[in-house]
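Student: I should like a close look at the interior of this structure, centred on its packed nonpolar part. Please then relate that part to the open and closed spaces and to the chain around it.

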Amino acid sequence: MHSTVTPTHCPYCALQCGMNLTPAPDGTVAVTERADFPVNRGALCGKGRTAPAVLSPAVRLTSPLVRSGDGTLVPASWDEALDRVADGLRRARSGHGADAVGVFGGGGLTNEKAYALGKFARVVLGTSQIDYNGRFCMSSAAAAGGRAFGVDRGLPFPLEDIPRTGCVILVGSNPAETMPPFLRYLTELKENGGTLIVVDPRRTRTAEQADLHLAPRPGTDLALALGLLHLVVAEGRTDEAYIRERTTGWQETRAAAMAHWPEYVERVTGVSVPELRRAVRLFCAPEAAMVLTARGPEQQSKGTDTVSAWINLCLATGRAGRPLSGYGCLTGQGNGQGGREHGQKADQLPGYRRLTDPAARAHVAGVWGVDPDTLPGPGRSAYELLDALGGDIRALLLMGSNPVVSAPRAAHVEERIRALDFLAVCDVVLSETAALADVVLPVTQWAEETGTTTSLEGRVLLRRRAVSPPAGVRSDLEVLHGLAVRLDDGRGPHRGFPCDPEEVFEELRRASAGGAADYSGITYGRLEREQGVFWPCPAPAGRASGAVHPGTPRLFLDRFATEDGRARFVAVSHRAAAEEPDDDYPVLLTTGRVVAQYQSGAQTRRVAELNDAAPGPFVELHPRLAERLGAAEGDPLAVVSRRGRVVAPARITSAVRPDTVFMPFHWPGAGRANTLTNPALDPVSRMPEFKTCAVRVERVGAVAGAAGGT
């Protein structure tokens, strides 16, 4: 084991906080602050501080597992495990066609892994059926940003710009719990005289810091944004010169917004007209302002249009493509940005290229050494892929995801996974999904491997290997290489699947060259010397000149990434959620995270300190609703939707709306919140409607045995 201090980055959220790792003789790893990294400046949340706990062999996988004749998972050699995976994938493909094999990736995979996984699916397996769990995170914001600006990058400006703007509208985000080191940027914003508006149906720890908290009914963020734009127009606060010179589509968008009168918006959202007017004044008063969205408005069946409405507000007031202004998305997963740029998404090729673009296909096929005509077309989106398991899709290779807990309508998804002919899972722990697999492959973690990630700023970073993995553990790149060797049809495709991450990155650079997310000017050497490099960063045209592109911290200052350089307004109108309350299901459910757990909890639930802080699920409800139910603090409550029933203890608070209950989604079993959630999809992004569904709430006598779903 190394004894030196290794500067690296946290494995969890998209801030990718800097940290130092120091191995100790007893096998533990110490985390110390890395004050030189500008994003977190040494600060870490509890998840980052305790991240090395999951490196312990006591809580993680250290040997391949295969399903035995008696149905249990038993240890096996790597050769036996890889042979079984190759055979399972081969049998599905030969018996039912290439698209009978599915591949499901994750937003926590490094850029190198995401790139190699997409290439493996399309070149080795020849399947179109690949997507990843990032579809459940920021796909609506990506779709809206792409159609407005011509490119999607979570933040088109660095985080350091946020404290220097005049006003921030934070929509559906609670960074005090989801990414605590980010909160300092909002604190500094207020210290500098700026204002903070938080839009959230709950009075969260973040909302408590706001100058103005707007608490709309879940599923009505679109109406809220349209109402604000209506008032901007009615009060003469539009920037007509900017609209004329830098945008298109304003007249249609203006007409759509003017149909959303403030009084109508108040009835729909529950946000009063005076609050709407105050929000417009605060946003328009300073010279510069920003809108930042997260999962709240995005995880809806109209999430793309909802984000477009917030972008329209920025464009109408001249708050995009100017210093200290703009729209941004707070990407969630550790490599949620990079993970959607390099090919593990159903409709994309590396460099954020479209799979349907003949020129993109030709370029990437040239890098891969294959005929462009052999590349499959776009496949199913994440939920649609999961829904097809056991039907059209007979075998699945899954990396870095736990859909049994994280997918909407989770009981149904679990049933579909169980219906597969063959399932192989690569993971660091025996997650709830891995426990259903025919083969489980133990893979390296963040501190045991080198690779790049791309933060929510679009900053490409280098995670460095600090410790050696256990002897029975291999990297995902080694897994793909081993499978490519076994599935070789005589063309030698395994030669395109190296195990060295830097070698993979060098190929990624070539594949991304000329694309929207151009990494061709980024090297491991630069990332070691610099505090990350912002894309796009093309390679210099004349290498002999020695010129190096500095990267692009701020997008759109001169032009937008559209053909004519103008941003595009998109006219949208409010529509109801896919499922509204009725007599049988009179309450709204919204879901989210707590500070001590992360995503499906597969890793954080194995850390004692984090479990002590957040030991299990709960139902947050308003005192008025609790009184109607006769429920006291801690009483077990059943929450029932059209998809299932879960039970968790009551947590009574006035921080949530009286018509709404909140549940965190980190746990499996009786309290699995995603048993309830609605898989209704956004027609553009194919994002499921996690953030709102109709439920009823009942008192029950006991928690045990209460789970269920369809």
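Tutor: Contact is taken here to mean heavy atoms within 4.5 Å. The model is a predicted one, in which local features need pLDDT of at least 70, side-chain atom pairs count only at pLDDT 80 or more, and totals for chains, interfaces and linings use all residues. Residues are numbered from 1 along each chain as its sequence is written, and side-chain values use heavy atoms, with hydrogens and water left out.

With neighbours within four places in sequence set aside, phenylalanine 182 is in contact with Leu15, Leu159, Ile162, Pro175, Leu292 and Leu330. Phe182 also belongs to the largest nonpolar core, a set of 169 residues in which Phe120, Phe149, Ile162, Phe182 and Trp310 touch the most other members. Such a core is a set of buried Ala, Val, Leu, Ile, Met, Phe, Trp, Tyr and Cys residues joined through side-chain atoms within 4.5 Å; buried means under 20% relative accessible area, exposed over 50%, and partly exposed in between, with a 1.4 Å probe and protein chains only. Helix H7 (residues 221-234) contributes the largest share of this core, nine residues. Helices (H or I, at least four residues) and strands (E, at least two) are DSSP runs, numbered from the N terminus. Another core lies apart from the largest one; its 25 residues include Phe104, Leu389, Leu396 and Val425. In soluble globular proteins, nonpolar side chains tend to be buried together.

Helix H3 (residues 111-125) is largely enclosed by the rest of the structure, because 15 of its 15 residues are buried. The expected span of a helix is 1.5 Å times one less than its number of residues. For the 15 residues of H3 this gives 21 Å, which agrees with the 20 Å between its end C-alpha atoms. Glycine 126, just after H3, takes a positive phi of about 70 degrees.

Arginine 93, in helix H2 (residues 78-96), touches Ala98, Val101, Val124, Leu125 and Leu487 when residues up to four places away in sequence are not counted. Its relative accessible area is 24%, so Arg93 is partly exposed. The C-alpha atom of arginine 93 is 39 Å from that of cysteine 329, 236 residues away along the chain.

Threonine 6, in strand S1 (residues 6-9), counts as buried because its relative accessibility is 8%. Beyond four places in sequence, Thr6 is in contact with Met19, Asn20, Leu21, Arg464, Arg465 and Ala466.

The spaces come next. On a 1 Å grid over the protein atoms alone, a cavity is a set of points where a 1.4 Å probe fits but cannot get out, and a pocket is an open set with protein on both sides within 12 Å along at least five of seven lines; lining residues have an atom within 4 Å of a point. Grid points are joined across faces, edges and corners, and a volume is the space filled by probe spheres set on the points.

The largest pocket holds about 1,000 Å³. Its lining has 38 residues, with Gly150, Val151, Tyr352, Arg354 and Ala516 closest to the centre. Helix H4 (139-149), strand S15 (353-354) and helix H15 (358-368) each supply at least two lining residues, and H4 gives the most, with five. By class, this lining has 15 nonpolar, 10 polar and 13 charged residues, where Ala, Val, Leu, Ile, Met, Phe, Trp, Tyr, Cys and Pro count as nonpolar, Asp, Glu, Lys and Arg as charged, and the others, Gly among them, as polar.

The second largest pocket has a volume of about 270 Å³. Of its 20 lining residues, Glu177, Val594, Phe618, Glu620 and Arg651 lie nearest the centre; the lining comprises nine nonpolar, three polar and eight charged residues.

Six cavities of 30 Å³ or more are found in the whole structure. The second largest cavity encloses about 110 Å³. Pro156, Phe157, Arg322, Ser325 and Leu555 are the closest to its centre among 17 lining residues, which divide into 11 nonpolar, three polar and three charged.

Finally, some backbone details. Arginine 41, in the loop between strand S3 (29-33) and helix H1 (46-49), has a positive phi of about 50 degrees although it is not a glycine. The peptide bond from tryptophan 535 to proline 536 is cis, with omega near 0 degrees; proline 536 sits in the loop between strand S21 (533-534) and strand S22 (567-568).
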